[in-house]
Amino acid sequence: MRTKSLKKNKINVITLGCSKNVYDSEVLMGQLRASGKDVVHEEEGNIVVINTCGFIDNAKAESVNMILEYADKKERGIVDKVFVTGCLSERYRPDLEKEIPNVDQYFGTTELPQLLKALGADYKHELLGERLTTTPKNYAYLKISEGCDRPCSFCAIPLMRGKNVSQSIEKLVKEAEGLAKNGVKELILIAQDLTYYGLDLYKKRNLGELLEALVKVEGIEWIRLHYAFPTGFPMDVLEIMKREPKICNYIDIPLQHISDSILKSMRRGTTQAKTTKLLKDFREAVPGMAIRTTLIVGYPGETEEDFNILKDFVQEMKFDRMGCFAYSHEENTHAFLLEDDVPDAIKQARANEIMELQSQISWDLNQEKVGQTFKCIIDRKEGSHFVGRTEFDSPDVDNEVLVDASKHYVKTGEFVLIKIIEATEFDLYGEPILIS
């Protein structure tokens, strides 16, 4: 029989899923540290908190496997306690409690005070915006709102995250100032839908005003926009992007599809013509802007014709960055009422075909960068290379700039001018320019 250890508890927070979950884990860790707890991120600890994702099948499977792994470690005495929080727990708590009862407690996405109490910590309101960042020191995510009011047929996020709730400009500026004091140079603005920001608080789309306030924060050099919905996009943002050097000429705008019949069924509130015009307006307003998008293939009723329309659109638009996913049939969504009639093999084949198209587009665009010089932020050293990014690239999802560490030294966390000497589909190779 195992005897209880007398050593001090160490809480290990494990994060699965998107950048919004990363942010939530950082807030949790900041609260734990403020209560005097020993807390680490994805290292060894005898108490484990798993922050789960419940978005699509693959993510759910990863979360379930992680819970099972740690429930087994608890059974074998390797860890003392296991707590589960986040989207999967919010969505499927009764099922999880029944199927994996060896977890000490499950918590939803809005139950941070209760989770802290279970971990022997107090929720401190005065810590507003303070958190223990887990990203490299030079960038951090800034979550400007939570939840979503959009009616997209395929999406389970409103089930897990609730309605749109914006944070005030004052709070976000204070949070940004705190991050800047800790050495953060790049803010990545995240939300389920950036373009909805402010409608609840200010009765208008207020992303532009927020950006005007954030560019004044000393120490912040880059501000990046993620997850902008195409319907009702606040066009004043483009004017500010063009005028303000701190705002990266970059936007992540998930379009999901382009065939009118699929867009209608998806309840996206737009058409191919409107979307094409919007992207054209983007490129006219901010020449050289990098546009990232996400697409879904294999949605119920997607015909070969619909798929060909999508392929033609990808060829025509030449997105700088793209991700493509096979449709996941999610219970309690509007699309779950439809027949999931595209076979998995066809879904995957279509996703592969789109990504092959994008790979060629990315290759062509990257070749144009050879010989050019870009301001890059250096995130880390990995193996024999320093790894950085241009303003046109977001961490983890986009291109990286690689500098040979055996020939050159650059300081991580700093901006460097780098001349591109070679390019592949998804990576750029460069040499630092020394300024005398």
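UniProt positions are given in the numbering used here, and annotations may be inferred rather than shown by experiment. With that in mind, let's work through a few exercises on this predicted model.

**Exercise 1. Find which residues UniProt lists for "binding site", and place two of them in the structure.**

Solution. Start with the record: the unreviewed UniProt entry lists Cys148, Cys152 and Cys155 under "binding site". Next, look up the secondary structure. Cys152 sits in the loop between β7 (145-146) and α5 (157-161). Cys155 has its place in the loop between β7 and α5 too.

**Exercise 2. Decide how many disulfides the model has.**

Solution. The cut-off comes first: a disulfide needs a pair of cysteine sulfur atoms within 2.5 Å. Under this rule the count is 0 disulfides. Now check two cysteines by hand. For Cys148, the nearest cysteine sulfur belongs to Cys152 and is 6.4 Å away, and Cys148 is in no disulfide. Cys155 is in no disulfide either; its nearest cysteine sulfur, again that of Cys152, is 6.2 Å away.

**Exercise 3. Are Cys148, Cys152 and Cys155 buried or exposed?**

Solution. Recall that buried means under 20% relative accessible area. Take the residues one by one:

- Cys148 has a relative accessible area of 12%, so it is buried.
- Cys152 has a relative accessible area of 12%, so it is buried.
- Cys155 has a relative accessibility of 19%, so it counts as buried.

**Exercise 4. Which residues are in contact with Cys152 and with Cys155, leaving aside neighbours within four places in sequence?**

Solution. Take Cys152 to begin with: its contacts are Phe229, Met266, Arg267 and Arg268. Then turn to Cys155, which is in contact with Phe55 and Thr333.

**Exercise 5. Describe how helix α11 packs with helix α12.**

Solution. Begin with the geometry. Helix α11 covers residues 272-285 and helix α12 covers residues 304-317; their axes are 12 Å apart, at an angle of about 15 degrees. Angles under 35 degrees count as roughly parallel, and therefore α11 is roughly parallel to α12. Add the handedness: the crossing of α11 and α12 is right-handed. Finally, list the residues that meet. From α11 come Gln272, Thr275, Thr276, Leu279 and Arg283, and from α12 come Ile309, Phe313, Glu316 and Met317.

**Exercise 6. Locate the "domain: TRAM" span and give its helix and strand content.**

Solution. The unreviewed UniProt entry lists residues 367-434 for "domain: TRAM". In the model, this span is 1% helix and 51% strand. As a last step, take the end C-alpha atoms of residues 367-434: they lie 23 Å apart.

How values were computed: Residues numbered from 1 in each chain as written. Predicted model: local features only at pLDDT ≥ 70, side-chain atom pairs only at ≥ 80, totals over all residues. Heavy atoms only, no water. Buried < 20%, exposed > 50% of the residue type's maximum accessible area, 1.4 Å probe, protein only. Helix = DSSP H or I, 4+ residues; strand = E, 2+ residues; numbered from the N terminus. Axes fitted to C-alpha atoms, helices over the stretch in contact; angles between N-to-C directions. Parallel < 35°, antiparallel > 145°, perpendicular 65-115°, else oblique. Left-handed = near helix turned anticlockwise from the far one by under 90°. Contact = heavy atoms within 4.5 Å.
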